[in-house]
Amino acid sequence: MVKITIKDLTFSYGSNKILDDLNVVLDDAEVLSLVGPNGSGKTTLIKCIDRILKPEGSILLDGKEVQSMKQQEIARQMGYVPQSSSAPLATTVFDTVLMGRRPRISWRVSDKDISKVADTLELLNLQELALRDFAQLSGGQKQKVLIARALAQEPSVLLLDEPTSNLDMKHQLEVMETISALVKERGISAVMAIHDLNLAARFSDKLVMLKRGVVYAAGSPDELLSEKNISDVYGVEALVMRSLDKPCIIPLRSLNGGAVCMT
Amino acid sequence: MQSAHSRDTSVPDLRAEYQKFIGRKLLFMISLILGTIILAGYATTRGSANIGVIEVYTAILAKFFPGTFESTWFADTIVWGLRLHRILMAIVGGIGLAVAGAVMQGILKNPLASPFTLGISSAAGFGAALAIVMGAGLVGGEWLIVGNAFVFTLLASLAVYGLAKYRGITPETMILAGIAIMYLFQAMTSFLQYIGQAEQVQEVVFWMMGSLGRSSWDKVWIVSGIIAICFPYLLLKSWDINALGAGDETAKSLGVNVERTRVICMMLVSLITAAVICFTGTIGFIGLVAPHITRMVIGGDHRFLLPASAMVGAILLLASDTVARTIFAPVILPVGIMTAFLGVPFFIYLFMRHKKEFW
């Protein structure tokens, strides 16, 4: 069943067009990864879906136009995990995650809200950090706390802007496995902007390859991650092999005169 | 990675820990309220007039139980005519400035923000100077200085809003617009001081130092009324202020109307600050430091930070004023000087001890 339908989406900063006439479809319980070089519009598209930015065109969530929904209603449906991780001064991890309940509470925090936060912290193995100041955490820990905050919203769609960018290999896998498990177990959908093509190939059901604000290609990782596509979109010569029954990309050299990466 | 459905015994512990954490915050707030009452009770008995503790409390009780307690005219005048409204003004003024500071630091995401960040104090100073030096103002008589300070404070806020609105209401645009307005009003005040008589300049400088000596019962009720109207709304917006601290994009994604929240909070803060400083002059430090002191003890959740900061502000201003009017009695020092003298060592002590653990 279709979860999100993006039709003819265009977004500009002044005269600078960032996204141009995009059409994307995301199904229920599916992980869709937006890939493409820096400046291709991945982050902007995520923000447009969440109405942080206001684009032209149409975004349908469960058949309902997102533009006609109130911000509060959108917040109950979509949880956003930003790239940067700031928090109010002197805020604990527990309070940071509790903030995710904001779209669902008026003022008073109920026992259910506290349980929801506790459950989410446990789910992401963060319970040991619950008593700590958010500002004192490592980059990877902060990233997981932000994912926990989005999950505390009980969203039907998770929007993640480069969720693995600050993480080491272990934490990258842990976060991606968490997202993948949540999507399958809870039947929610996820849209993520991601740079690592190997992680995208392994954990995504569908990829959308963006180049200069337009959809260059869309499909399964197997269909999309070819040497030609990578060369066209990234300007990089790469080897595409198979590992764990998924495409595995080994970048060789930049086609714009960069240094040799591997021979 | 655990299953989404798994759960072990640590969850109830976490819940209990959190409840304990909240309990500690509430205990802190109750202690502050009790501290304020005790300090106010003590402050009522202190002063340059030679009356004893029993006389002071007899004068207070005589007002409520006239048949049971009998006071003297002198004690009545000292307690009801001089001390009590001054003490209450210190409490409500401290509450107002501290709440205003906490909200400004929250909505601007800036630990250096205070009620005066948007050029409010300079505007109030200019309004007062205009009244003192030129005798010009919108309201005449005894309210000339007060009216000018109030009106120019609100004008400054509107100017900051207008300038920031032009470029988009963000912390950066608001702070920059506030700095511009501050320098403009400072320059105009300096000009008035330059052309004013020596006595007028002295009066302007004294006004800007801040003093509770100009308080009266009427003024206490006005300030209390404005705070009573604005504070509940700000408290109601605690979640939104919390979310703003995580960044505008995150706040929007959590359903907060970022621009409207920031503008309304700014306007209410301006109103509270204007109400306080038009009667007291510019009392610095409280609005900047009371929220920090509170945050160090109970963390940054504005649901608790706002009321607790309010009480810390009340205690700081009341303690400062009590010392200011008794340390060199019968000479009374401007409270604006004393707030920093007393507050800075306390703040540094907390700053050095602080371990950034809030549970």
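**Exercise 1.** What distance separates the centres of domain 1 of chain A and domain 2 of chain A, taken over C-alpha atoms? Work out which parts of domain 1 touch domain 2 as well.

*Solution.* First, some housekeeping. This is a predicted model, where local features need pLDDT of at least 70, side-chain atom pairs count only at pLDDT 80 or more, and totals for chains, interfaces and linings use all residues. Residues are numbered from 1 along each chain as its sequence is written, while chains are lettered from A and ligands numbered from 1 in the order in which they are written.

Step 1: chain A splits into domain 1 (2-224) and domain 2 (226-263), with bounds from an automatic or database domain assignment. Their centres sit 27 Å apart over C-alpha atoms.

Step 2: the contact involves 13 residues of domain 1 of chain A and 8 residues of domain 2 of chain A. Two residues count as in contact if their C-beta atoms, placed from the backbone, lie within 7 Å.

Step 3: on the domain 1 side, the elements giving two or more residues are α7 (197-203), β9 (206-211), β10 (214-219) and α8 (221-224) of chain A. Helices (H or I, at least four residues) and strands (E, at least two) are DSSP runs numbered from the N terminus. The largest share, 4 residues, comes from α7(A).

**Exercise 2.** Describe the overall build of chain B.

*Solution.* Step 1: count the elements, and you get 14 helices and 0 strands in chain B.

Step 2: check the size. The radius of gyration of chain B (over C-alpha atoms) is 22 Å, close to the 21 Å that the globule rule gives for 359 residues, so chain B is as compact as a globular protein of that length. That rule is 2.2 Å times the number of residues to the power 0.38. Along the principal axes, the C-alpha atoms of chain B fill a box of roughly 75 × 55 × 40 Å.

Step 3: look at burial. Of the 359 residues in chain B, 50% are buried, meaning that 20 or more other C-beta atoms, placed from the backbone, lie within 10 Å of a residue's own.

**Exercise 3.** Find the largest nonpolar core and see who feeds it.

*Solution.* Step 1: a nonpolar core is a set of buried Ala, Val, Leu, Ile, Met, Phe, Trp, Tyr and Cys residues joined through C-beta atoms within 7 Å. The largest one has 192 residues, and those with the most contacts inside it include Leu159(A) and Val99(B).

Step 2: helix α3 (residues 73-107) of chain B supplies the largest share of this core, 19 residues. Both domain 1 and domain 2 of chain A contribute at least three residues each.

Step 3: zoom in on Leu159(A). Leaving aside neighbours within four places in sequence, its contacts include Ile46(A), Met78(A) and Val191(A).

**Exercise 4.** Check helix α4 (residues 120-134) of chain B against its expected length.

*Solution.* Step 1: the expected span is 1.5 Å times one less than the number of residues. For the 15 residues of α4(B) that gives 21 Å, and the end C-alpha atoms are 21 Å apart, which agrees.

Step 2: 14 of the 15 residues of α4(B) are buried. Just after α4(B), Gly135(B) takes a positive phi of about 70°.

**Exercise 5.** Is Gly313(B) buried or exposed?

*Solution.* Step 1: Gly313(B) lies in helix α13 (residues 302-326) of chain B.

Step 2: Gly313(B) is buried, because 33 other C-beta atoms are within 10 Å.

Step 3: not counting residues up to four places away in sequence, Gly313(B) touches several residues, among them Gly94(B), Ala98(B) and Ala290(B).

Note on methods: Buried ≥ 20, exposed ≤ 12 C-beta atoms within 10 Å, placed from the backbone.
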